[in-house]
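User: Please take a close look at one part of this model, and then follow the description outward into the regions that help to place it. I would like one connected account, with residues and distances stated wherever they are available.

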Amino acid sequence: MSDSTGHGHVVLLSGGVGGAKLALGFDRLLPRGALTVIANTGDDFRHLGLDISPDLDTLMYTLAGIVNPETGWGCRDESWQFMAALEQLGGETWFRLGDRDLATHIERTRRRAAGETLTAITADFCARLGIGSRLLPMSDATVATRVDTDAGLLDFQDYFVRRRAAPVVRALHHDGAAGAAPSPAVLAALADPRLAAIVIAPSNPWLSIAPLLAIPGLRAAIAAAKAPVVAVSPIVGGAAIKGPTAKIMAELGLEVHNAVLARHYRGLVDGLILDTVDAGETAAVESLGVRAATTATVMHTLADKTGLAAFTLRFAATLA
Ligand code: FO1
């Protein structure tokens, strides 16, 4: 359950901005190489002829310390010459691509066209950016989240960015997930005997975590792992810290309670971490057979992030 440094290894399932904060907490808390992040690629899309992987890039920039601190995505100290020039030519600028960020998309697109896997490209980018943790796409197959709404069936970024998540969600589809296989690297990470915990980050369960769990082999590998599975709730005080989680839950006819989330994750997670403001919900969560713990889950500072990471590991140890 642990390596020579006495630390267990951690696998973190994560989407973009919210999950990336906890990824950074584990990256800074654990010895180099003890963290593997499995990233959602259901938000990926082809745009302006480029292969774009937003959650992978958000996680990569965050772990490299170069993410834009205001938005949580894209690069810090960014310039926007490309967007300005594209605007002048009447190109599509609703999805903001900064000049530094653009290099990632152009080089990833070139290497994928040359036949490299997303896993291999991501590993090389991370090595070049000095990242010690492993960052793995959930699969090297294409899985695309589609959002069925009152404005029609929308591609993810069209719904999320272009239309600012305004359309009413009827259903979510993960095209390609049923036929997708987790990469060998993902399966190896989940089978690692040094695993102390498998953690589901406080990303949107329906938008960002669902695509991961829709891949049959991935869900099975989590269930087969010896290590306890702990989720950190993105719902704080009946709302989502960031993004449209609460809105989507309401539109899907779900009450915005952590017991609903516990039911959603039931059978997969051993424990759920709630924010202290939701301590009143722990009994309801535990009545579903999911252990509950409370701590400060809203992360602003690095200390918040490493603190939540450490708490998650301690809680997981009580579930082992
Ligand atoms: N989110 C936005 O709300 N507006 C954008 O223009 C935008 C551009 C963008 C570019 C690169 C990238 O990696 C992420 C970007 N995001 C943008 C965030 C992204 O759409 C979401 O964070 C994820 O897809 C959902 O987690």
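Analyst: In this predicted model, helix α11, which runs over residues 258-265, is mostly covered, since six of its eight residues are buried. The buried residues of α11 are N258, A259, V260, L261, A262 and Y265. As a general point on reading such a list, an α-helix has 3.6 residues a turn, so residues three or four places apart point the same way. Just after α11 comes G267, which takes a positive phi of about 90°.

Further along the chain is strand β13, residues 271-275, which is also mostly covered, with five of its five residues buried. In a regular strand, side chains alternate between the two faces of the sheet. In β13 the cover extends to both faces, with G271, I273 and D275 buried on one side and L272 and L274 buried on the other. β13 also has pairing partners: strand β10 (residues 229-232) pairs with it in the parallel sense over three bridges, and strand β14 (residues 291-295) pairs with it, likewise in the parallel sense, over five bridges. Single positions show how these pairings are set, for V232 stands opposite I273 in β13, while G271 has R291 in β14 as its bridge partner.

From the strands one can turn to the ligand. Around the ligand there are 13 residues, and those that come nearest are D43, P54, D55, R96 and Q157. Three polar approaches to oxygen atoms of the ligand can be described: a polar side-chain atom of D43 lies 3.1 Å from one such oxygen, an N or O atom in the side chain of D55 is 3.1 Å from a ligand oxygen, and R96 contributes a backbone N or O atom that lies 2.9 Å from an oxygen atom of the ligand. The approaches of D43 and D55 are thus made by side chains, whereas that of R96 is made by its backbone. Q157 belongs to helix α6, residues 156-162, and it counts as buried because its relative accessibility of 4% falls under the 20% limit. The side chain of Q157 reaches the backbone oxygen of D43 at 3.1 Å, which links two of the residues that come nearest to the ligand.

Another buried polar residue is S203, found in the loop between β9 (195-200) and α8 (205-213). S203 is classed as buried because its relative accessible area is 5%, again under the 20% limit. A polar atom of the S203 side chain lies 2.9 Å from the backbone nitrogen of G15.

The empty space in the model is the next topic. Rolling a probe the size of a water molecule over the atoms shows where empty space is left. A search of the whole structure finds one cavity of 30 Å³ or more, and the largest cavity has a volume of about 30 Å³. Its lining consists of H9, V10, V11, G33, A34, L35, T36, R134, A189, D192 and L195. Strands β1 (9-14) and β2 (35-39) each supply at least two of these lining residues, and β1 has the largest share, with three. By class, this lining has six nonpolar, three polar and two charged residues.

Among the open spaces, the second largest pocket has a volume of about 280 Å³. It is lined by 18 residues, of which K21, V67, P69, G72 and K305 are the closest to its centre. Helix α1, residues 17-29, gives the largest share of that lining, five residues. The lining of this pocket divides into six nonpolar, six polar and six charged residues.

A last point concerns two positions far apart in the sequence. G307 is found in helix α13, residues 302-319, and it is partly exposed because its relative accessible area of 34% lies between the limits of 20% and 50%. G307 and L22 are 285 residues apart in sequence, yet their C-alpha atoms are 9.4 Å apart in space.

Methods: Residues are numbered from 1 along each chain as its sequence is written. This is a predicted model: local features need pLDDT of at least 70, side-chain atom pairs count only at pLDDT 80 or more; totals for chains, interfaces and linings use all residues. Side-chain values use heavy atoms; hydrogens and water are left out. On a 1 Å grid over the protein atoms alone, a cavity is a set of points where a 1.4 Å probe fits but cannot get out, and a pocket is an open set with protein on both sides within 12 Å along at least five of seven lines; lining residues have an atom within 4 Å of a point. Grid points are joined across faces, edges and corners, and a volume is the space filled by probe spheres set on the points. Helices (H or I, at least four residues) and strands (E, at least two) are DSSP runs, numbered from the N terminus. Ala, Val, Leu, Ile, Met, Phe, Trp, Tyr, Cys and Pro count as nonpolar, Asp, Glu, Lys and Arg as charged, and the others, Gly among them, as polar. Buried means under 20% relative accessible area, exposed over 50%, partly exposed in between (1.4 Å probe, protein chains only). Two strands pair if DSSP finds at least two bridges between them. A residue is near a molecule or strand if one of its heavy atoms lies within 4 Å of it. A polar contact is a pair of N or O atoms within 3.5 Å; within protein, one must be able to donate a hydrogen and the other to accept it, and residues adjacent in sequence count only if both atoms are side-chain atoms.
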